[in-house]
Amino acid sequence: MTRPKGTAAATGRSLRLYRGAGAPHAAMEALYARLVRPGDLVFDVGAHVGDRVAAFRRLGARVVALEPQPGPHRALRLLHGRDAGVTLVAAAVGDEAGEVVFHLNSANPTVSSVSAEFVAGAAAAPGWEGQVWDRTITVPATTLDRLMAEHGRPAFVKIDVEGFEDRVLAGLSEPLPALSFEFTTIARDVALRCLDRLAALGPYGFDVALGESQVLRFGRPIGRDDMAAHLMALPQAANSGDVYAVLRT
C-alpha cells in the first residue's frame, strides 16, 4: 500500500517532539504517579505515538492504547507491540460503536480528529493558520463502556481526541476513579459538555494543566462551576491543556 506523501515524516516529527530528549518525561510521570499505581489498568484514548503509554508503563500500569491513525499506530506497534502489558487497538472512541469518518492532518497528525466541527472551527481560528485536514478515512469506533466490558474497569482514562472528548464521555455510563480530557480554547463548548457529563456521573473534583506543562494549576480539587469559569476566562492564546477529574469519596 502506498502511504500518503509526508505521513512518515510527520510521524517522525511527533516521535521526536513527544518522545525525544526534550519531552517532559519526569514531570509527566510525577503527575500521573498521583493517579496511577503499579498494577492499575489505564485506557489511553488517542494514544498518538505513545508518550503517555510509556509513562504509564514506567509507573507499572497495564495500558489499553487506542489510536486510529495508520502512521501513529504503526509507531505504537514498533514501540509497544511486544509488550504484554500494552494492548493496542486501532480504533476511535465515541458515544456508539460502529465506524466514524476521521479527518487526517497529514502534516501534523497530532491534530487529526473525528470532529468535523473542530476542523471547521480551527480553519478560521487565530494560531491555527496553515493547518490543513487534507483527507478522510473511515475507522472502527468503540465506546468506553465496551472497552470496560472487554478489558476491565480502568483506574485512569486519558482522553485526547481533538474536539471529540464530549462524545467519548457520552459513551461512559458509570463514574471512574480518575480521568483526564484535553480541551482547546477554540472549542470550549466541548470542555463544558465534558464537565457536565462528569458532574452527572459522580462527585468529581477538577484541576487543569495548560499545554504540555504537566503542572496542575490549582493543586487541589475544585468544583465544576469553578473549573468552567476558569476555562472560559483563559485567553485564546492559551490554546489547549488537560482537565483532570478525580472522583471524591
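In this predicted model, Leu179 is part of strand β8. Its relative accessibility is 1%, so Leu179 counts as buried. The cut-off for that label is under 20% relative accessible area. Contacts of Leu179 were listed without its neighbours within four places in sequence. They comprise Phe156, Val157, Leu169, Leu198, Tyr204, Val243, Tyr244 and Ala245. A further pairing spans a long stretch of chain: Leu179 and Val36 are 143 residues apart in sequence. Their C-alpha atoms are separated by 10 Å.

Strand β8 covers residues 178–184. This strand is also one of the elements that pack against the buried residues of helix α9. The other partners of these residues are α8 (188–201), β9 (204–210) and β10 (240–247). Helix α9 itself runs over residues 224–233. Its buried residues are Met227, Ala228, His230 and Leu231. These four residues lie on the same side of α9, because they cover an arc of only 160 degrees around the axis. The face turned away from this buried side has another character: Asp225, Asp226 and Ala233 are exposed there.

Strand β10, a packing partner of α9, includes Ser240. Is Ser240 buried or exposed? Ser240 has a relative accessibility of 15%, and therefore counts as buried. The threshold is again under 20%. With neighbours within four places in sequence set aside, Ser240 touches Glu182, Phe183 and Thr184. Leu210 and Gly211 are also in contact with Ser240.

Attention now turns to a pair of helices. Helix α2 spans residues 25–32, and helix α3 spans residues 51–58. Their axes come within 10 Å and cross at roughly 60 degrees. The helices are therefore oblique to each other. Angles of 65 to 115 degrees would count as roughly perpendicular, and those under 35 degrees as roughly parallel. The crossing of α2 and α3 is right-handed. Which residues meet where α2 and α3 are in contact? From α2 come His25, Met28, Glu29 and Tyr32. From α3 come Asp51, Arg52, Ala55, Phe56 and Arg58. By class, this contact has four nonpolar residues, one polar residue and four charged residues.

Note on methods: Residues numbered from 1 in each chain as written. Predicted model: local features only at pLDDT ≥ 70, side-chain atom pairs only at ≥ 80, totals over all residues. Heavy atoms only, no water. Axes fitted to C-alpha atoms, helices over the stretch in contact; angles between N-to-C directions. Helix = DSSP H or I, 4+ residues; strand = E, 2+ residues; numbered from the N terminus. Parallel < 35°, antiparallel > 145°, perpendicular 65-115°, else oblique. Left-handed = near helix turned anticlockwise from the far one by under 90°. Contact = heavy atoms within 4.5 Å. Nonpolar A, V, L, I, M, F, W, Y, C, P; charged D, E, K, R; others polar. Buried < 20%, exposed > 50% of the residue type's maximum accessible area, 1.4 Å probe, protein only. Arc of directions from axis to C-beta.
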